[in-house]
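Thanks for coming, everyone. Before I start talking, please take a moment with the sequence and the model on the screen.

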2 protein chains.
Amino acid sequence: MDSPDVELPENVELPESIALAWGLRNRPSRGPKRSLSLTQLVAAGIRVAQAEGLPAVSMSRVASELGVATMSLYRYVPTKQDLLDLMIDTAFGPPAPPRAPGEGWRPALTRWAEANLAALRREPWIRHVPLSGPPINPNQVRWLEYGLAALRGTGLRGAERISTVMLVSGYTRSWANTTADLAEAAARTGQTPDEVGQHYWQHLARLTASGPYPAIHELLTEADDEEEDYYDAEWRFGLGRVLDGVETLIQARAAAQP
Amino acid sequence: MDSPDVELPENVELPESIALAWGLRNRPSRGPKRSLSLTQLVAAGIRVAQAEGLPAVSMSRVASELGVATMSLYRYVPTKQDLLDLMIDTAFGPPAPPRAPGEGWRPALTRWAEANLAALRREPWIRHVPLSGPPINPNQVRWLEYGLAALRGTGLRGAERISTVMLVSGYTRSWANTTADLAEAAARTGQTPDEVGQHYWQHLARLTASGPYPAIHELLTEADDEEEDYYDAEWRFGLGRVLDGVETLIQARAAAQP
DNA sequence: GTAATCTGCGTATGACATACGCTGTAATGC
DNA sequence: GCATTACAGCGTATGTCATACGCAGATTAC
């Protein structure tokens, strides 16, 4: 195994939030036994988020879900943001199966992206949580591992591989957010997502009617083909652009060394 | 001009937030004269955000900046979110000059993305504001126009053009957010951004030391070339992947019709 | 057995967005 | 010109929220 060759700081001090997420925080050895576990807190937070959306996830609401007093939660997590981070990591769950032997990098990375999208769609509240930084919690790291594994042997350098994974991940998140916002606006106004989209175009048409917006006007006059799977097509378009761009580089690398 | 051919609903009811942003809300004709303008409110909000970050932008803080009472602000904007939306649109400013005659789509879109990135870097507080939906406010629409204009004549369909613009925009925003978070973490902990990044890798190495993470281990063992412009290279890598992917499609389109 | 540490929780604090209503100002209609 | 209408500014108030603090009791270590 390579890791002994890594300049591995066994004594690296982990920030409390990370130690908490990985179960590395010191367990208390004195005092009364805890009535709850961190897992229960996280599960309760997720239940509230799923049922009532992220704005409902207050410390008091989660405590109520568990039948304890609000301030008890602070015995388990230092801040609410820590709880949210744990909720996200748990809600994401473990990643889809990694790239199989004989499976190309592109199908593997596509599967990875689609599983990522599925998780985000399953838990639309995730998009409202402020991001805490690069992937570091247990499931995040597992997802990162499998994303990187899809790119092994492609000739991409390490920095390029992680940039690629972050690029795909960023696109997936962006797309999931946009469609979730659309669905939420529809639910809030009693419309369908298509109707919400149509209203956007109508507003845009009205606002740009009298100004110098030739490219937008051209866009608005083009046939709006109402294909059934417009959203699926758009998802595939964007992912395809990203993966085509990666493929271009991989092929250029392969051609540069015969 | 094409717009008369658009099924243009002149009587489309604009939501109040949009009407406000475009100066289309009815002006009051009775009552005392206003002591402030909406522009002044927005400018005050931006000043506070720039000086103290987004968490400081409360209605009372902005009112204090203007020397008025908190509740006065609600005579000008219905909600705080409306003020934040206006602040973003104003802070973004007008877009960079559009694609010039003879300028290719790729250099034009690259310039567009880089101007977009510059705006986001100039105003790092923007990333913390919850997004309100697709581009609809005045400057947003101008940016959209110029992004679309860069892609005219490429053979991409309308839906593909706007998807491309959103793809580039999403990547730019994602990248700007990541680097801004890094810079902020550095400032908060008295480190350099490189030091913050190193700590992340150290944490990752520690946490994955004893688990099945071969792809991450491989990544950690690769030469970490400390090139001066690592961040610039990473930005260019990601944008290049996206634009290569777009270029692949444009060339395939051109080849499909001789 | 004593000291130390922890759990659960009640009380409290400061901050925040915004509802409500009062007084005074300015425009409109008759 | 006056009454009515609508608005501006702002003081007061409300409910919600994250979290600090401290108390009493439970549990462990020495």
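**The DNA-facing surface**

Let me begin with the surface near DNA strand C, whose residues divide into 11 nonpolar, eight polar and eight charged; in this scheme Ala, Val, Leu, Ile, Met, Phe, Trp, Tyr, Cys and Pro count as nonpolar, Asp, Glu, Lys and Arg as charged, and the others, Gly among them, as polar. I should say at once that this is a predicted model, in which local features need pLDDT of at least 70 and side-chain atom pairs count only at pLDDT 80 or more, while totals for chains, interfaces and linings use all residues. Residues are numbered from 1 along each chain as its sequence is written, chains are lettered from A and ligands numbered from 1 in the order in which they are written, and side-chain values use heavy atoms, with hydrogens and water left out.

Staying with strand C, there are 27 residues around this strand, and A:Pro32, A:Arg34, A:Ser35, A:Arg75 and B:Ser29 come nearest, where a residue is near a strand if one of its heavy atoms lies within 4 Å of it. Of the atoms of DNA strand C within 4 Å of the protein, 62% belong to sugar or phosphate, and the rest belong to bases.

Which side chains have an N or O atom beside a phosphate oxygen of strand C? Among them are A:Ser72, at 3.0 Å, A:Tyr76, at 2.9 Å, and, from the other chain, B:Lys80, at 2.7 Å; a polar contact here is a pair of N or O atoms within 3.5 Å, and within protein one must be able to donate a hydrogen and the other to accept it, with residues adjacent in sequence counting only if both atoms are side-chain atoms.

Turning to DNA strand D, 28 residues surround this strand, the closest being A:Ser29, A:Lys80, B:Arg34, B:Ser35 and B:Arg75, and they divide into 11 nonpolar, nine polar and eight charged. Here the backbone takes part, since a backbone N or O atom of A:Met59 lies 3.0 Å from a phosphate oxygen of strand D, and a backbone N or O atom of B:Ala69 lies 3.1 Å from a phosphate oxygen of that strand. A polar side-chain atom of A:Arg30, in turn, lies 3.2 Å from a sugar or linking oxygen of strand D.

**Where the two chains meet**

Now to the protein interface, which takes 70 residues from chain A and 70 residues from chain B, contact meaning heavy atoms within 4.5 Å. The area buried between the two chains is about 6200 Å², of which carbon and sulfur atoms give 68%; buried area is the accessible area (1.4 Å probe) that two parts lose on being put together, summed over both. In chain A, A:Arg206, A:Leu207 and A:Phe237 lose the most area to chain B, together 11% of what that side buries.

How many salt bridges does the rule find across this interface? There are four, a salt bridge being a side-chain nitrogen of Lys or Arg within 4 Å of a carboxyl oxygen of Asp or Glu, and one of the pairs is A:Glu222 with B:Arg161, whose closest N and O atoms are 2.5 Å apart.

**How the copies are related**

Finally, chain A can be laid on chain B with an RMSD of 0.0 Å by a turn of 180° and a shift of 0.0 Å along the axis, the copies being superposed by least squares on the C-alpha atoms of residues with pLDDT of at least 70 in both. The two copies are therefore related as by a two-fold rotation axis. Of the residues of chain A, A:Gly245 comes closest to that axis, with its C-alpha at 1.9 Å, and the same surface serves both copies, as 100% of the contact residues of chain A recur in chain B.
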